[in-house]
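This report describes one protein chain for a reader who has not met it before. It begins with a single residue and its surroundings, then widens to the chain as a whole.

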Amino acid sequence: MVSLVAELPGVARNIADVAGIGFVGEASWSVLFEGSNPIRLLAGLWVSVRIALIAMAGGIVLGIPLGVAMTSRRAWVRMALKAYVEAMRLLPQIVVLFIVFFSLSRDFNINLSGETAAIVAFTLWGSAEMADLVRGAITAVPRHQYESAQALGLGAVQVQRYVVIPQAVRSLIPTTVNLTTRMIKTTSLVALIGVVEVLKVGQQIIDANRFDYPGAALWVYGAIFILYFIVCFPIAWYSRRLERRWSE
């Protein structure tokens, strides 16, 4: 019995190695510090953040006028923009990404790099999301605010500038911040079109060390989770802080 107990750790290690998850006592975490792996992970994270921030900036620039136009009195304008917004929101982001990356190259002979295609795809998606947020923020302003401003003699442009827009922006900023965090997390999809972002770097590290560190996957993906958390948590915290401040 004593000899059987003594052999259990070795048996458990063999089972873990076969399963590809490594043993608890294994130093698989050290793969994170092998060679240039830390720098590679940080460089991959910067690729993800860069794509998200550029696409978010483009989404804001396109989404704000689209959202304002969605409140137009012309029915055909509202219907056309609503069709665009719903199409971008209902299609999975990976489908939009593949359409931009593969279809544009094939059908229009446009050669786009993976990162450029990702920025274009996420800009289209972000502009649709942003347009809907702007439309919702504008329509959320109570009707009596318009009527009171008009009763004071303000024109249509002055009503928008001094009454509607300040209130809309106040409710729009927290939701825009939340959209930014969603954009950053969604950039993990760009690995499917060959962009070497943080998730792709993690997969490369795991594949390169699958024999020496069979339990590396847990540690590498855990490190990626922490990196995403470090980037996204301050943004989410700031959004909640704005909501609490403006709800007082």
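Not counting residues up to four places away in sequence, Ile51 touches Glu115, Ala118, Ile119, Phe122, Thr187, Val190 and Val195. The model in which these contacts appear is a predicted one.

**The nonpolar cores**

Ile51 also belongs to the largest nonpolar core, which has 53 residues. Together with Leu41, Phe122 and Val220, Ile51 touches the most other members of this core. At least two residues of the core come from each of α2, α4 (93–107), α5, α6 (143–151), α7 (156–186), α8 (198–208) and α9 (216–247). The greatest contribution is that of α5, which gives ten residues. Apart from this core lies another one of seven residues, including Leu81, Met88, Ala128 and Ala131.

**The chain as a whole**

The protein chain holds nine helices and zero strands. Read from the N terminus, its elements therefore run α-α-α-α-α-α-α-α-α. The chain has 248 residues, and 38% of them count as buried. Its accessible surface comes to about 14500 Å², and carbon and sulfur atoms account for 66% of that area. Among contacts between residues at least 6 apart in sequence, 76% join residues at least 24 apart.

**Confidence**

The average pLDDT of the protein chain is 82, and 88% of the residues score at least 70. Among the elements, α2 has the highest mean pLDDT, 93, and helix α1 (residues 2–19) has the lowest, 41. Over residues 1–26 the pLDDT is below 50, and this stretch has 16 contacts in the model beyond near neighbours in sequence. Where pLDDT is low, the predicted coordinates should not be read in detail.

**Helix α2 and the loop after it**

Helix α2 covers residues 37–69, which makes 33 residues. At 1.5 Å a residue these should span 48 Å, and the end C-alpha atoms are 48 Å apart, so the expected and modelled lengths agree. The helix bends by about 30° at Gly63, and a proline, Pro65, follows within four residues.

The loop between α2 and α3 (75–90) contains Ser72. Ser72 counts as buried because its relative accessibility is 18%, and the cut-off for buried is under 20%. Leaving aside neighbours within four places in sequence, Ser72 is in contact with Val77 and Arg78.

**Four residues of helix α5**

Helix α5 spans residues 114–139. Four of its residues are set out below, with their relative accessible areas.

| Residue | Relative accessible area | Class |
|---|---|---|
| Trp125 | 2% | buried |
| Glu129 | 8% | buried |
| Met130 | 2% | buried |
| Thr139 | 48% | partly exposed |

Which residues does Trp125 contact, leaving aside its neighbours within four places in sequence? They are Met88, Gln93, Arg182, Met183 and Thr186. Trp125 and Met183 are 58 residues apart in sequence, and their C-alpha atoms are 9.3 Å apart in space.

Glu129 lies in helix α5 as well. With a relative accessible area of 8%, Glu129 is buried, because this value is under 20%. Its contacts, again without neighbours within four places in sequence, are Arg89, Leu179 and Arg182. Arg182 is thus a contact of Glu129, and Arg182 is also a contact of Trp125.

Met130 is another residue of helix α5. Not counting residues up to four places away in sequence, Met130 touches Met56, Gly59, Ile60, Gly63, Ile64, Leu172, Thr176 and Leu179. Gly63, one of these, is the residue at which α2 bends. Met130 and Met56 are 74 residues apart along the chain, and their C-alpha atoms are separated by 9.1 Å. Leu179 is a contact of Met130 and also of Glu129.

Thr139 is found in helix α5 too. Is Thr139 buried or partly exposed? Thr139 is partly exposed, because its relative accessible area of 48% falls between the 20% limit for buried and the 50% limit for exposed. Thr139 and Thr71 are 68 residues apart in sequence, with 7.6 Å between their C-alpha atoms.

Note on methods
Residues numbered from 1 in each chain as written. Predicted model: local features only at pLDDT ≥ 70, side-chain atom pairs only at ≥ 80, totals over all residues. Heavy atoms only, no water. Buried < 20%, exposed > 50% of the residue type's maximum accessible area, 1.4 Å probe, protein only. Contact = heavy atoms within 4.5 Å. Areas by Shrake-Rupley, 256 points an atom, 1.4 Å probe, with all protein chains shown as cover. Expected span 1.5 Å × (residues − 1). Bend = angle between axes of the 7 residues up to and from the residue. pLDDT = per-residue confidence, 0-100. Core = buried A, V, L, I, M, F, W, Y, C linked by side-chain atoms within 4.5 Å.
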